[in-house]
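Thanks for asking me to look this one over with you. Have the sequence and the 3D view open side by side, and we can walk through it together.

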Amino acid sequence: MVEIDEDPQLGLDSDEDDEELSDDGLQEAFAKGLLKPGMNVPLDEPKKAVNNVEGLKKCLAEFKKSLPWAERLDLTNLPAVDLIAKAEGKAQQSEGGEDINAEDDFQREMYFYRQAQATVLLALPKLHKFKIPTKRPDDYFAEMAKSDQHMQKVRKTLLIKQAAMEKSEKAKKLREQRKYGKKVQTQVIQNRQKQKKAMLTAVKKYQKGMTDKLEFLEGDQDPKPKGPAAKKQINKKSPNAKKKYKDQRFGFGGKKKGTKWNTKDSHDDVSGFKAKMAHGKGGKRSGKGGKTNKRPGKESRRKMKARK
């Protein structure tokens, strides 16, 4: 609520109607500069406390039902004893939770946790007393929170999204294949044009008598290699007639170096091996009758020394 002081300049009296104190009048006064600081004093009206006891009792009687505890399953209890704090010798918190800092998330959640523990310890004996099962059977199937019709809609939406993604991927692959196909096709066309141009040039040279080769009539053939492959082919040219005649008459000298190197075939060939001649066993004979003086072995020499 806003109280406006009486001012002759504003032309507003306290006895005038509420219509004159409307927003339009205040806006006009503000536009003329007649409103000054301190003229408007905000007043806070005290809230009226309504204690309708009869209405509250009536509402309570409407939703209150005298049902057994098995139908209500409500418990009001204090939290369980903090065993960790007790084992560590720390001071126990009050049972009512007055000394718990509500702004501390850990203390608050631990208080709720201990209260839930105490509730379970109190509720289980009561449930067993009323013969209410507390464990889920092995063949228990919980009802879905959402209906089958809703899940079918979700599945249909997922399938549509999956099909759209597959279609997009397929289109992307097709675009890439088309780009690659166009590239290959352009390259093939360029190669054909080059071959055609080379063939026409060779035909013109043949017609003019500049060459007597008819290689261009052999059809499609690989173009001449370029780079190091071409150099190798140039170096491997067939010898001329003079060279062939000399090779036929005098023979080819062959390889000069490495002729005594061992090869796999010579290594595997043991036809010339003689065991009698190996390791000097078949060497020169000396002595009478061509017999060699065989030296006794080590053990025999030791026994001979022992006899002496």
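The points below go from the whole chain to its helices, salt bridges and surface patches.

1. **What kind of model this is.** Please keep in mind from the start that this is a predicted model. The residue numbers used here count from 1 along the chain as its sequence is written.

2. **The overall layout.** A good way in is to trace the chain from its N terminus, where the elements follow the order β-α-β-α-α-α-α-α-α-α-α-α. In total, the secondary structure consists of ten helices and two strands.

3. **Cover and surface.** How much of the chain counts as buried? The share is 6% of the 308 residues. The accessible surface of the protein chain amounts to about 30600 Å², and carbon and sulfur atoms make up 54% of that area.

4. **Contacts along the chain.** Among contacts with a separation of 6 or more, 48% are between residues 24 or more positions apart.

5. **Helix α1.** This helix spans residues 23–32 and is hardly covered, with one buried residue among its ten. Just after α1 comes Gly-33, and its phi is positive, near 80 degrees.

6. **Salt bridges in general.** How many salt bridges does the structure hold? There are four, and the next three points each take up one of them.

7. **Arg-108 and Asp-105.** These two side chains form a salt bridge, with 2.8 Å from N to O. Both residues belong to helix α5 (residues 105–129), and because they are three residues apart there, about one helical turn separates them. Arg-108 has a relative accessible area of 26%, so it is partly exposed. Asp-105 is partly exposed as well, at 47%.

8. **Lys-264 and Asp-268.** Here the N to O distance of the salt bridge is 3.3 Å. The two residues sit four apart in helix α9 (residues 264–268), which is about one turn of the helix. Is Lys-264 buried or exposed? Its relative accessible area is 64%, so Lys-264 is exposed. Its partner Asp-268 has a value of 45% and is therefore partly exposed.

9. **Arg-302 and Glu-299.** The side chains of this pair meet in a salt bridge of 2.4 Å, N to O. You will find both in helix α10 (residues 298–307), three residues apart, or about one turn of the helix. Arg-302, with a relative accessible area of 48%, is partly exposed, and Glu-299 is also partly exposed, at 43%.

10. **A nonpolar patch.** Where the surface is concerned, look for Met-144, Met-151, Val-154 and Leu-158, which together make a nonpolar patch of about 350 Å². Of these, Met-151 is part of helix α6 (residues 148–207). Met-151 counts as partly exposed because its relative accessibility is 34%. That value fits the patch rule, since patch residues need over 30% relative accessible area.

11. **A positive patch.** Which residues form the positive surface patch? They are Lys-172, Arg-175, Arg-178, Lys-179, Lys-182 and Lys-183. One of them, Lys-172, has its place in helix α6. With 45% relative accessibility, Lys-172 counts as partly exposed.

12. **Where to look again.** On a second pass, helix α6 is a good place to return to, as it holds Met-151 from the nonpolar patch and Lys-172 from the positive one. After that, you could go back to α1 and find the Gly-33 that follows it.

Terms used
This is a predicted model: local features need pLDDT of at least 70, side-chain atom pairs count only at pLDDT 80 or more; totals for chains, interfaces and linings use all residues. Side-chain values use heavy atoms; hydrogens and water are left out. Patches are made of residues with over 30% relative accessible area and no salt bridge: like charges are joined within 9 Å, nonpolar side chains (Val, Leu, Ile, Met, Phe, Trp, Tyr) within 5 Å. Accessible areas come from the Shrake-Rupley method with a 1.4 Å probe; for residues, only the protein chains shown count as cover. Buried means under 20% relative accessible area, exposed over 50%, partly exposed in between (1.4 Å probe, protein chains only). Contact means heavy atoms within 4.5 Å. Lys and Arg count as positive and Asp and Glu as negative; His and the chain ends are not counted. The place of a charge is taken as NZ of Lys, CZ of Arg, CG of Asp or CD of Glu.
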